[in-house]
Every structure is written in C-alpha cells, then in structure tokens.
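Let's take a walk through this structure together, starting with its overall layout and ending with a few side chains. Have the 3D view open as you read.

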Amino acid sequence: MTDFAKRFKLINYYPPFIGAGIRVVRTDADFTEIEVQMKLRWWNRNVVGTQFGGSLYMMCDPFFMAILMTHLGRGYIVWDKAARIDFLKPGRGRVTAIFRIPPEEIARLRTEADRQSKLEPEFEVDVVDDAGVVVARVHKTLYVRKKPPK
C-alpha cells in the first residue's frame with residue numbers, strides 16, 4: 001500500500017466530512033474498494049428532514065480519484081473533471097456508497113494513459129440506504145494522463 005493509501009485514513013478527520021457526518025468505514029487491503037457511510041443527524045438534514053443533497057454528493061467526491069491516484073502513482077495526473085448526481089429517493093437514515101475500481105481496470109487505464117495524451121474515464125456509484133434501496137446515483141468523469149518526462 002502506498003503512503004497515500006496509509007495516510008488516507010486521516011480523511012475521517014477532515015472537518016467538512018466531520019461536519020456532514022461522513023465516515024470511511026472500510027478500505028480493502030489492495031485499496032481498490034472504499035466504503036463510505038453517512039448517518040442522518042440533526043445537523044446534516046435538509047429543510048424536509050432528509051439527507052442534504054450536498055452531503056450526499058460530498059460523500060462521493062474524492063474516492064474514485066483517490067483509488068486511481070494510489071495505483072497509478074506520482075507519474076500520472078489524476079483529477080476530477082465532471083460529476084452529476086441523480087437524486088432517486090429521499091435519504092431518511094444511514095446511507096452507504098462503495099467505490100470500486102478493479103485491478104484489471106486500473107491496469108487498462110495505465111496502459112491507455114501510457115499511449116494517449118489524456119483519458120477521461122467515467123465511473124458510477126450508487127448511494128443506498130440500509131434496505132439496499134438506491135437513494136442517489138453519482139456519475140464521475142476523471143481526467144488522467146501520464147506526466148511528461150522531466
């Protein structure tokens with residue numbers, strides 16, 4: 001595991017995550033999967049008493065990028081380029097999102113980035129409630145390219 005992946009556990013102390021009640025609850029051993037949860041609290045409810053949409057998006061913001069940054073390493077540039085969230089059902093309790101990029105996909109993206117000037121891979125994650133019902137679907141587009149030699 002890279003230093004970044006080891007330090008990544010500190011994200012639970014990031015003030016905006018604390019304020020929204022967002023927690024990384026699990027990462028797998030090879031850092032290709034991250035599970036994030038957010039409980040509904042009085043301070044993160046919207047005006048109608050459900051999960052605040054901005055918090056639902058924030059719980060999905062950095063994780064695909066973090067997985068790719070960790071695996072591609074310092075020789076590559078990885079940025080968030082675009083995002084869209086579709087709100088499908090009100091979140092009335094704890095919600096969970098699991099971010100996965102399989103090793104085969106990471107290897108494919110590395111190979112493509114080595115051959116092309118840039119890539120814009122797209123990823124999708126569902127935010128589900130405790131019953132497994134999809135509350136929101138987040139679409140992320142990343143920007144990936146190999147750093148030029150110095």
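Find Ala-83 first: across from it, in strand S6, stands Lys-140. What you have in front of you is a predicted model, and this pair of residues is a handy way into it. The strands here are S3 (residues 76-87) and S6 (residues 134-146), which run antiparallel and are joined by eleven bridges.

Now zoom out. Six strands make up an open sheet, with antiparallel pairing and the order S1-S2-S4-S5-S6-S3. At the edges sit S1 (22-27) and S3, each of which pairs on one side only. Ignoring direction, neighbouring strands are turned by 25 degrees against each other on average. Over at the S1 edge, five bridges pair S1 with S2 (residues 33-38) in the antiparallel sense, and there Thr-27 stands opposite Ile-34 of S2. Helix H4 (residues 63-72) packs on the sheet, touching S1, S2, S3, S4 (95-100), S5 and S6. The direction of H4 makes about 160 degrees with that of S3.

On its other side, S6 has S5 (residues 122-129) for company: the two run antiparallel, with seven bridges between them. Glu-124 stands opposite His-139 in S6. S5 and S6 form a hairpin with four residues in between, and Gly-132 in the turn has a positive phi of about 85 degrees. A salt bridge spans these strands too: Arg-137 pairs with Asp-126, their closest N and O atoms being 2.6 Å apart. Arg-137 belongs to S6 and Asp-126 to S5, so this pair ties together parts that are eleven residues apart in sequence.

Back to Lys-140. Is this residue buried or exposed? Lys-140 counts as buried because its relative accessible area is 2%, under the 20% cut-off. What does Lys-140 form a salt bridge with? One partner is Asp-61, with the closest N and O atoms 3.0 Å apart. That pair links distant parts of the chain, since Asp-61 is in the loop between helix H3 (53-58) and H4, 79 residues from Lys-140 in S6. Asp-80 also forms a salt bridge with Lys-140, at 3.3 Å between the closest N and O atoms. Asp-80 lies in S3, 60 residues away from Lys-140 along the chain. Both acids are partly exposed, Asp-61 at 28% and Asp-80 at 28%.

The structure holds 15 salt bridges, and Arg-26, Glu-33, Glu-35 and Arg-100 are linked in a network of them.

Last stop: the surface. Leu-10, Tyr-13 and Ile-18 form a nonpolar patch there, with about 360 Å² of accessible area together. Tyr-13 is in the loop between helices H1 (3-7) and H2 (15-20), and counts as exposed at 61% relative accessibility.

Notes:
Residues are numbered from 1 along each chain as its sequence is written. This is a predicted model: local features need pLDDT of at least 70, side-chain atom pairs count only at pLDDT 80 or more; totals for chains, interfaces and linings use all residues. Side-chain values use heavy atoms; hydrogens and water are left out. Two strands pair if DSSP finds at least two bridges between them. Patches are made of residues with over 30% relative accessible area and no salt bridge: like charges are joined within 9 Å, nonpolar side chains (Val, Leu, Ile, Met, Phe, Trp, Tyr) within 5 Å. Accessible areas come from the Shrake-Rupley method with a 1.4 Å probe; for residues, only the protein chains shown count as cover. A salt bridge is a side-chain nitrogen of Lys or Arg within 4 Å of a carboxyl oxygen of Asp or Glu. Buried means under 20% relative accessible area, exposed over 50%, partly exposed in between (1.4 Å probe, protein chains only). Axes are lines fitted to C-alpha atoms, for helices over the stretch in contact, and angles run from 0 to 180 degrees between N-to-C directions. Contact means heavy atoms within 4.5 Å.
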